[in-house]
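Subject: Structure handover

Hello,

Here is the structure for your files. Please open it next to this message and follow along.

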There are 4 protein chains.
Amino acid sequence: MKASVIGATGFAGAELLRLLEGHPEAEIACITSESSTGEAIASMYPHLAGRIEKNLTSMQAIDEIAAQSDVIFIALPHGHAMKIGKHLRDSNVKIIDLGGDYRFKDHKVFEEWYKVEHLDPEAKAVYGLTELYREQVKDAKLLANPGCYTTCSILALVPLLKAGLIETKNIIVDAKSGTTGAGRSLKLGSLYCSVNENFKAYGVANHRHTPEIEQAYSEFAGEDVVIQFTPHLLPVDRGILATCYANLKKGVTNAQIAEAFEAMYADEYFIRLRGKGACPEIKNVRASNYVDLGWQVDKRTGRIIVMSAIDNLVKGAAGQAVQNMNVMFGCAEYTGLQHMPIYP
Amino acid sequence: MKASVIGATGFAGAELLRLLEGHPEAEIACITSESSTGEAIASMYPHLAGRIEKNLTSMQAIDEIAAQSDVIFIALPHGHAMKIGKHLRDSNVKIIDLGGDYRFKDHKVFEEWYKVEHLDPEAKAVYGLTELYREQVKDAKLLANPGCYTTCSILALVPLLKAGLIETKNIIVDAKSGTTGAGRSLKLGSLYCSVNENFKAYGVANHRHTPEIEQAYSEFAGEDVVIQFTPHLLPVDRGILATCYANLKKGVTNAQIAEAFEAMYADEYFIRLRGKGACPEIKNVRASNYVDLGWQVDKRTGRIIVMSAIDNLVKGAAGQAVQNMNVMFGCAEYTGLQHMPIYP
Amino acid sequence: MKASVIGATGFAGAELLRLLEGHPEAEIACITSESSTGEAIASMYPHLAGRIEKNLTSMQAIDEIAAQSDVIFIALPHGHAMKIGKHLRDSNVKIIDLGGDYRFKDHKVFEEWYKVEHLDPEAKAVYGLTELYREQVKDAKLLANPGCYTTCSILALVPLLKAGLIETKNIIVDAKSGTTGAGRSLKLGSLYCSVNENFKAYGVANHRHTPEIEQAYSEFAGEDVVIQFTPHLLPVDRGILATCYANLKKGVTNAQIAEAFEAMYADEYFIRLRGKGACPEIKNVRASNYVDLGWQVDKRTGRIIVMSAIDNLVKGAAGQAVQNMNVMFGCAEYTGLQHMPIYP
Amino acid sequence: MKASVIGATGFAGAELLRLLEGHPEAEIACITSESSTGEAIASMYPHLAGRIEKNLTSMQAIDEIAAQSDVIFIALPHGHAMKIGKHLRDSNVKIIDLGGDYRFKDHKVFEEWYKVEHLDPEAKAVYGLTELYREQVKDAKLLANPGCYTTCSILALVPLLKAGLIETKNIIVDAKSGTTGAGRSLKLGSLYCSVNENFKAYGVANHRHTPEIEQAYSEFAGEDVVIQFTPHLLPVDRGILATCYANLKKGVTNAQIAEAFEAMYADEYFIRLRGKGACPEIKNVRASNYVDLGWQVDKRTGRIIVMSAIDNLVKGAAGQAVQNMNVMFGCAEYTGLQHMPIYP
């Protein structure tokens, strides 16, 4: 598979390059950056030196890029992919967008939360949370790769919603992400001295991953679900932990809960069920495509707390994108993704 | 005031020494450690060198220590203070316990959560969350200094509970603490390589600060409140952020909320009301006795999110203990506590 | 003393505000920033909230600022102070410059290393490494506050150079600084994800603090000293450790070395001599004006290794500036600087 | 190749498991731990869950382990390997020791620096700094894997020593290592709160890697070399940067220097020559087997500064051990070691 990366100089783009370079059946075709056109990617990311010796080109030549590629990954801020997707509708190249443009069934939800008009509302995109939508992913030509927080949050509660074990009201997702999630652009809040030894919430009550989580929760619950979602900024490079709270329906047993998780995930390569009482740690999934899940029940409150840990750049972005590529092209799903977590 | 510190080699003990040494009206009398009796405190904590040149003694000589002290701070694991408190009942020395022994009105709650018999159930201790119980603190002879998580969590929601603006069901406190909260003992989970670049929950559904928070919430709500409390371990030295979720009662306005906070805290030296939309950061209170409070309302869910930041070793332990000492001895409450936060 | 801070929004400027606010004999007059004129400093640095409620003004009004001030601190990049210094030559206000403009006896050295013409070569500035030049500081009207690396490096070896115990050839200073040293401007290399879990040298063989260190070494050695100076970037907020290597002259004993350090520093409030075999740690001086010094002799190589730790924002910048102010105005030298280090 | 790991629960042991599990031609046979015999390795290191489902056994059964293995890695503190090595002298299993026991040509050097008698002085071990001793490694039956600091330091200066471009006097290696280098045992100095936001030197003038570096320097210089070696503790998990200082011989040109590096390393898979002026960063080699080398010349001092970065757990321990295994068994040297560095 010849793969191109549009927007290769962000953290997700660079992580895609790492994964694609080590993928036995993929080959990197073109890599682009509008701000650094002409530069060697290894001069911007010296960790790639000796392995990826390509120069960045401009996405202005998107038609040529498409002609040289079997698949194009788009790792740009929202608003760009929908132009490319529309433009390449009739080409043969498959598209995997890591941004928000194509994640919503209803483009009005996108417009409401992203405050921008959707330019390609007719598109038929598949939502690529691989474990949940594998069948659709197989046939996808245009794939919307899920957000980092959303991947982590959706996988945590969907088994319980599907099995009807929790109430759909009063669901709270309190999530914490490493700083790569804030991207590589120059912002005061992203400086070392701003993040180190610090911790804070942000985007309270208005983060864009909220409707994306609700969309999946609602689908699996079979009813509209409105949640509280609060992201926080962790002083680490990588990793998301979502602490998810839901009220159990009356009489639900621990056995039913365990069964619900196993029914959905027991055969999943990338999901590790740690079971009742386990508290997943982000370092145990670092630099890997794993999802670690643990849960606890509080009898005093009748509530379940599900904790879910991923690496935001891998399962939360580039890794899941490659996982989707594998499914779309008929490779074994874990091809090129069998990296063990890096610990410590 | 001559002040002694029983258990001076833990992090809270050492922080007490820092604060007492800089306190214009206090003088350090005795400092004890059973494991390091005879050693110079400055050899264990070289940051104190040149300022505190005392040696550690044993608390076996508690009667002599009491005779030389106006106030004794106890910074030991739970279970010890109740012996000392009972033993010194009839002495003149005032006692400020930084542990859990005397925090509960009902000693059976202590016994249930701490799994140990209470040896001094007759004691009349004052719960020293200074801003809420200042009048009682003035006359206290035996004071129970609140826990770190509890200080942060209680101050966040009590104004709303007192004003009757939130429902008492479905309160969730998702809290995150720096690693000094885990103490200085040698545990695998406290190693640098275990904590750094990591994040996890712990004590889910069974942390001992839960009933302490509930005790205060219940008192100010005027009814029994049962909450969900989840602590997490942050890869920072100091700081707690509590993200507190509560369902607003119907029709409650932002103005009412603001008013509730101001009614209780507008004149408090150590509480900084950041207001609606503010997300407090732990680094902005580091090494100080401040509490930074911010809040947001989510109209979609009818919920309020109150965020509260403290330094767990200062307002969450040693600082509040000194604040209580000031009140107990009639000093200005902020004496020796006017340190500005250290940023960055 | 009415003190103004020109360039109050950098890290050194903000640290000056912290120290001045807590100084019992100083009062903050004007604070300036050209990029944020009109803003409240507490909105940019919320840790100052409730304590410093001033707005930033422009240094365009330097004459008015001077009229309202007894002392002006300049915390700007090099090249600005020499204009202000020249302009205010005949005013009564004292000036303490935290930048490089006035640090060199020979303005040509400045011009060679800073690649800019000196606009005020006639100025008579005192070099304010307080412990070494206290007498001159007393009478200074224009004071050049030393650089952070230089303070740390000079104090480490000057006693040995003065006592003639080490050779002046083959002196190597391998220094490591926290990230506040890189300032608060938006640079890729200052992002959290660039610095965290990373370490590197920079400015190898050409860092501007080199000639400043050499100037002091040469003066105390009584001959020209050329050194190797290599700075590195540490993933911490604050702190510098300088590891200084020098060849001992034949026959020099440990007793002579200890004596040399004590002769110069035994009575210094801010210098803590840890002695032979001690390895100072930057965390033991954090947020304080202390300098911790330790040393070791290697008999195999005939070399001494002197290690010196400071907080780069305090003794390396704002703290030493206030120390100099105290000396210039006849206060006790440690006034407002008795903060204990923050540990952990 | 069936590979066993003696001492699998330390950081180097666990890293070996990560690398061996991903090695296409290796299979993990036995893993041992005396303190955790019987436990599942994945319960101690949950990042291995789902991939390595083995239980720890005791090395008491070393004969059986040898019978089931083609190669045994020993990742124990010094003093143990020499017993195992002696015991298995006549078995067919190959041994790769990650400790210090077999690193010295002269066992008296070992005894002098490690303060313990050598129990197997007759052993014929090969020193496995692969790039320098590849031919001997091919035929090794007993291999001494180099230390972490030594790997980094030796590779930095050996090309210059071999080419005779630097003086052998006044060589100084100022090295900085991440905290995994201190191991996983419970020590106060390894606690998060001891290391975080801190930095210090240790083992000044007496670290055991000194004679190991000198042994290689001397061999390539053709004369006895005595160096100054100073290690420091970095607040990061992984990575070593060695800043190496040497006086250039008269007249040596930059071209000669570049040539010396290229002559030795141009064809090495794992060595990336960054060239003159480059400052290698430890994050650019993280979790990989790469060595990044950069250098600078100071005309003022006539000195060269060579900077070398590795991951101490990979090229500094487990990675180089696997590299040696590959050479010993005739695999391509990079088999199972092509992991890209993890950045950020």
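A definition before the details: two strands count as paired if DSSP finds at least two bridges between them. Please also keep in mind that this is a predicted model.

**The seven-stranded sheet, chain A**

Strand 8 of chain A and strand 9 (residues 228-233) of chain A meet that criterion with 2 bridges, and they run antiparallel. Within this pair, Ala201(A) stands opposite His232(A) of strand 9. Both strands belong to an open sheet of 7 strands in chain A. The order is 8-9-7-10-13-12-11, and the pairing is mixed. Strand 8 (200-201) and strand 11 (271-276) of chain A have a single partner strand each, so one side of each has no neighbour in the sheet.

Helix 7 (residues 148-162) of chain A packs on this sheet. It touches strand 7 (172-177), strand 9, strand 10 (240-247), strand 11, strand 12 (291-298) and strand 13 (303-310) of chain A. The direction of helix 7 makes about 35 degrees with that of strand 10 of chain A.

**Where chains A and B meet**

How many residues does the contact take from each chain? It takes 37 residues from chain A and 37 residues from chain B. On the chain A side, strands 7, 8, 9, 10, 12 and 13 each supply at least two residues. That side divides into 19 nonpolar, 8 polar and 10 charged residues.

**Where chains A and C meet**

Here 13 residues of chain C are in contact with 13 residues of chain A. The chain C side holds 6 nonpolar, 4 polar and 3 charged residues.

Chain C superposes on chain A after a rotation of 180 degrees, with 0.0 Å of shift along the axis and an RMSD of 0.0 Å. That is how a two-fold axis relates two copies. Which residue of chain C comes closest to the rotation axis? Tyr192(C) does, with its C-alpha at 1.8 Å. Of the interface residues of chain C, 100% are also interface residues in chain A, so the copies meet through the same surface.

**The six-stranded sheet, chain C**

Chain C has an open sheet of 6 strands with parallel pairing, in the order 2-1-3-4-6-5. Strand 2 (27-32) and strand 5 (126-127) of chain C are the edge strands, and each pairs on one side only. Strand 3 (residues 71-74) and strand 4 (residues 94-97) of chain C pair in parallel over 4 bridges. One bridge partner in strand 4 is Asp97(C), matched with Ile74(C).

Helix 11 (residues 314-328) of chain C packs on this sheet. It touches strand 3, strand 4 and strand 6 (142-144) of chain C. The direction of helix 11 makes about 155 degrees with that of strand 4 of chain C.

**Strand 3 in chain D**

Strand 3 (residues 71-74) of chain D is worth a look in the viewer. In a regular strand, side chains alternate between the two faces of the sheet. Val71(D) and Phe73(D) point one way, Ile72(D) and Ile74(D) point the other way, and all are buried.

Strand 3 of chain D has parallel partners in strand 1 (residues 2-6) of chain D, over 4 bridges, and in strand 4 (residues 94-97) of chain D, also over 4 bridges. Val71(D) stands opposite Ala3(D) in the pairing with strand 1, and opposite Lys94(D) of strand 4. Strand 3, helix 4 (residues 81-87) and strand 4 of chain D make a right-handed β-α-β unit.

Best wishes

Note on methods
Residues numbered from 1 in each chain as written. Chains lettered and ligands numbered in written order. Predicted model: local features only at pLDDT ≥ 70, side-chain atom pairs only at ≥ 80, totals over all residues. Least-squares fit on C-alpha atoms with pLDDT ≥ 70 in both. Contact = placed C-beta atoms within 7 Å. Axes fitted to C-alpha atoms, helices over the stretch in contact; angles between N-to-C directions. Buried ≥ 20, exposed ≤ 12 C-beta atoms within 10 Å, placed from the backbone. Right-handed = clockwise from strand over helix to strand, strands pointing away. Nonpolar A, V, L, I, M, F, W, Y, C, P; charged D, E, K, R; others polar.
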